[in-house]
Amino acid sequence: MAMVMFHLHQLALTKLRSITSRVGFMEYLSQLLTLSGIVLLACISPGPDFVAVTSNALNDRRSGMLVGLGIACAVVVWASLAILGFGLLIKELFWLYETIRLVGAAYLIYLGARMLMASFKAGNSEARVEGVPRVGALQAWRQGFMVGITNPKTATFFATLFVTVLPVGAPTWVYVSVVALVGLITAGWLGALAAFFSVGRVRSVYARVSRVVDAVMGAALVGLGIRLASSR
């Protein structure tokens, strides 16, 4: 009788663990879906990432894709650091936040100024588009990575988001999934942008007004850089 009771007790414990595990998984899954939706909305909102990817994709799809990949890699770095608590540390260390912010602002202004100067060069718009040299793969990826890694607001965004959405003491697989989802969503969205803006019809429209578009995008980058430099 004692052995039967023992086996029943073990069976009940196993069943209870299974139910608890399933409930925990569903809870974490719900939180991961919520987090994914917020990250997607953050990606969609226009900013330096959008301008950097589209301006490159209009000239060359590969460059646009690689810039997007570089940005996604930088976002993965910030998400990983936020999970480790570095994002909250940046919020507390004023000098570190300011340094990253000012470097990022200077880089955006530099990219924008280059586009503005290129847009004022003489020459037929269509000839300029067809004659644009392809940017090296590493150079394109590095440009995207620099745009992403020099934005301290990304770090504080993830730090705040993770503290709000993710429960304390979540299993390791949840944190790994979060970083993977952030990278996939960012790369997917920016890759889709690069693919769209490198379509032949879109590029043919751009070819006719490339100087105006380059000037607008250059001014947008300079404006975003000034905004980043003046924001607190």
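Start with the whole protein chain in view: among contacts between residues at least 6 apart in sequence, 87% join residues at least 24 apart. Keep in mind as you go that this is a predicted model. Switch to a cartoon and you should find 11 helices and 0 strands, following one another as α-α-α-α-α-α-α-α-α-α-α. The chain has 232 residues, and 40% of them are buried. If you turn on a surface, its accessible area comes to about 12800 Å², with 72% of that belonging to carbon and sulfur atoms.

**Stop 1: the core**

Next, select Leu35, Val39, Phe158, Phe162, Val178 and Val182. Within the largest nonpolar core, which holds 48 residues, these six touch the most other members. Now colour the elements that give two or more residues to this core: α1 (2-44), α2 (48-57), α3, α5 (94-119), α7 (137-149), α8 (152-165), α9 (172-197) and α11 (210-230).

Stay here a moment and centre on Phe158. Which residues does Phe158 touch, not counting those up to four places away in sequence? Show Val39, Val75, Trp78, Ala79, Ala82 and Val182, and you have its partners. Two of them, Val39 and Val182, you have already selected as residues that touch the most other core members.

**Stop 2: helix α2 and its partner α3**

Now select α2. Of its 10 residues, 8 are buried, so this helix is largely enclosed by the rest of the structure. To see which ones, pick Pro48, Val51, Ala52, Val53, Thr54, Ser55, Asn56 and Ala57.

Add α3, residues 61-83. A packed pair of helices can be described by the angle and the distance between the axes. How do the axes of α2 and α3 cross? They come within 6 Å, at an angle of roughly 160°. An angle over 145 degrees counts as roughly antiparallel, and α2 and α3 are therefore roughly antiparallel to each other.

To look at the contact itself, show side chains on both helices. From α2, take Asp49, Ala52, Val53, Asn56 and Ala57; they meet Arg61, Ser63, Gly64, Val67, Gly68 and Ile71 of α3. Colour the residues of this contact by type and you get 5 nonpolar, 4 polar and 2 charged.

**Stop 3: further along α3**

Move along to Gly70, also in helix α3. Is Gly70 buried or exposed? Its relative accessibility is 0%, so Gly70 counts as buried. Leaving aside neighbours within four places in sequence, Gly70 is in contact with Trp141, Gly144 and Phe145. Try a distance to Gly148 as well: the two C-alpha atoms are 7.6 Å apart, although these positions lie 78 residues apart in chain numbering.

Then select Cys73, another residue of α3. At 28% relative accessibility, Cys73 counts as partly exposed. With neighbours within four places in sequence left out, Cys73 is in contact with Trp141 and Phe145, both of which are contacts of Gly70 too. The C-alpha atoms of Cys73 and Phe145 are separated by 6.6 Å, and the residues are 72 apart along the chain.

**Last stop: Val212**

Finish in helix α11, where you will find Val212. How accessible is Val212? Its relative accessibility is 54%, which means that Val212 counts as exposed. Draw one last distance, from the C-alpha atom of Val212 to that of Phe120: these residues are 92 apart along the chain, and the separation is 9.2 Å.

Notes:
Residues numbered from 1 in each chain as written. Predicted model: local features only at pLDDT ≥ 70, side-chain atom pairs only at ≥ 80, totals over all residues. Heavy atoms only, no water. Helix = DSSP H or I, 4+ residues; strand = E, 2+ residues; numbered from the N terminus. Buried < 20%, exposed > 50% of the residue type's maximum accessible area, 1.4 Å probe, protein only. Contact = heavy atoms within 4.5 Å. Core = buried A, V, L, I, M, F, W, Y, C linked by side-chain atoms within 4.5 Å. Axes fitted to C-alpha atoms, helices over the stretch in contact; angles between N-to-C directions. Parallel < 35°, antiparallel > 145°, perpendicular 65-115°, else oblique. Nonpolar A, V, L, I, M, F, W, Y, C, P; charged D, E, K, R; others polar. Areas by Shrake-Rupley, 256 points an atom, 1.4 Å probe, with all protein chains shown as cover.
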